Amino acid sequence: MISREELLKLAALARLRLDESEIGQFQHDIAEMLEYVKTLEQVDTSGIEPLSPALDSGNVLREDLVKPSLPVDEALKNAPERVDNYLKVPKVVDN
Amino acid sequence: MESALELRRRIAAGEISLDSYYEALLSECESAKARFNCLTAITNQLAMATVERLKTNMKNDRPKGRLFGLPVVVKDNICLRDYPTTCASKILENFVPPYDATVIGRLIAEDAVIIAKANMDEFAMGSSNENSAFGPVLNPHDITRIPGGSSGGSAVAVAAGLTPMALGSDTGGSVRQPAAHCGVVGLKPTYGAVSRYGLVAYASSLDQIGPLACDVESAALLYSVIAGHDERDSTSAEISICDYPAEMQKSVKGLRIGLPREYFGDGLDGEIRTSIEAMIAQMKFEGAEFVDVSLPHTEYAIATYYIIADAEASSNLARYDGVKYGLRAKNDDLLSMYTNTRHEGFGAEVKRRIMLGTYVLSAGYYDAYYQKAMNVRSILKREFADVYKVVDVLLTPTTPTTAFKIGEKSNDPLEMYLSDIYTVSANLAGVPAMSVPIGRDGKNLPIGLQLTAKHFDEAVLFRVGKAVERLAK
């Protein structure tokens, strides 16, 4: 089991609110997974380079050109709340 | 289900009327949706508009695309303009993308008819399709069993005969495992072979879009349409598309086929083993040469996979914050907008993976978990490269068992994760792999055989897959 305190700290980092039932369940599940993935400790990785990108294509660059893009109304049509051409959110800065 | 090529020929020749074919098909979709819960939406309007366009093209003798008149079902994590793309999640319930994924554009350019969006595990996280906000998908071979996941709806759409071809996505086996459980062909292309522009991201270093199809020939056709470089996906590669029909004419004579011993261990179901051994004997008779090989770090693949996939998921899914699109829950302030939205919007498995991913990336644990997993991934990738110096292709089972019962593993996440034991390595190494049906077990459930090739050698998968399909009949 990982501690309730540690689990809640993780949830806060992930911006997740958890129900009581989820807290108990995840304390168990995450501990079980962490125990399982411990098997990787058996692998000798000294001198191993971490994975290179799956494609060895290097950096992909392009010209910085102005091209047609989505109209603002289209881009904002999924916004939960909108004012003019802005997304509206709860107050971000305290008075 | 007849092959996509034969169906296209009959439609293009006017032997089948587009109107009556699609009228019947769209009503069949309704019925399959009710019976198997395999579809999240039927795109009636788009389908009928496409049919009208194709009819005009026929009347005016315009050139016909390679998918002319063919129905396609698309997994609901691939953006289709003006139709909901939900990822089977409450958090995207009302999300309507204002653009098409690149693969959609390619289908439309070849005159395909998109008929439906397919149900899936939420955000493609699952091996059973039980993690959908729309409820579980049922396996048409036995409705008390799972169809596999996460592309379960796409596999069922093909297995139920709605379409010869569907699109899925495969992060750790999500095309191949449901293909095996539903008795259809499923291909995970090489990482970079197919553009992911418009695919909702789960684990970006592993995700690939791939075809599910009624036979190898149809899978090859769909692959040849969707593969290739796209400037909107910087991870997509410049590749050459082979003449796959010609490849599929070739026999397996002289090919060196590797049997990695780690894939034939204790966990493998006896009937699957017997079925694969019988196929090997037939292929030997046709002149294929079999070689015993080893991929010694296979036993670490699941642990490596879940660390990396969950780490990437925790980062990718940070975007669901209630600000720009999707659900915004009732809130008192900025922080509670985030936490309430994510609490209400995400299902249990998604939360579990975000939590584990956050853990392995957090200060103090990063080196022990994430960095370690990336190092082991390096070793796995090198092992594949080494084995392809000796063999042309690897032959293994796709899954350790046939389709399990609904609910059988849903309370034990680790047990569920272990059902991906034969499929995750291809994603970690970035190599292409395909599942081909080879028969049924004693419960009449489909058995899948997996072929794995080196980077960008889909041609050998189609060649060997075609032979396997013929010999299995």
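So, how much of chain B is buried? Buried residues make up 65% of its 473 residues. Please keep in mind that this is a predicted model, and every value I mention is computed from it.

Let's stay with chain B for a moment. Its secondary structure comes to 16 helices and 11 strands. The C-alpha trace spans about 65 × 55 × 45 Å along its principal axes. For a chain of 473 residues, a compact globule would have a radius of gyration near 23 Å, and chain B has 21 Å, so the two agree.

What about contacts along the chain? Take the contacts in chain B with a separation of 6 or more: 75% of them are between residues 24 or more positions apart. As for the outside, chain B exposes about 15,600 Å², and carbon and sulfur atoms supply 50% of that area.

Now let's look at a place where chain A comes in. Find helix α1 of chain A, residues 4–13, and helix α12 of chain B, residues 348–361. Their axes come within 9 Å and cross at roughly 95 degrees. Angles of 65 to 115 degrees count as roughly perpendicular, and therefore that is how α1(A) and α12(B) lie to each other.

Which residues make this contact? From α1(A) we have Glu6(A), Leu7(A), Leu10(A), Ala11(A) and Leu13(A). From α12(B), the partners are Met355(B), Thr358(B) and Tyr359(B). Sorted by class, the contact of α1(A) with α12(B) has six nonpolar residues, one polar and one charged. Try picking them out on the structure above!

Terms used
Residues numbered from 1 in each chain as written. Chains lettered and ligands numbered in written order. Predicted model: local features only at pLDDT ≥ 70, side-chain atom pairs only at ≥ 80, totals over all residues. Heavy atoms only, no water. Axes fitted to C-alpha atoms, helices over the stretch in contact; angles between N-to-C directions. Helix = DSSP H or I, 4+ residues; strand = E, 2+ residues; numbered from the N terminus. Parallel < 35°, antiparallel > 145°, perpendicular 65-115°, else oblique. Contact = heavy atoms within 4.5 Å. Nonpolar A, V, L, I, M, F, W, Y, C, P; charged D, E, K, R; others polar. Rg over C-alpha atoms; globule rule 2.2 N^0.38 Å. Buried < 20%, exposed > 50% of the residue type's maximum accessible area, 1.4 Å probe, protein only. Areas by Shrake-Rupley, 256 points an atom, 1.4 Å probe, with all protein chains shown as cover.
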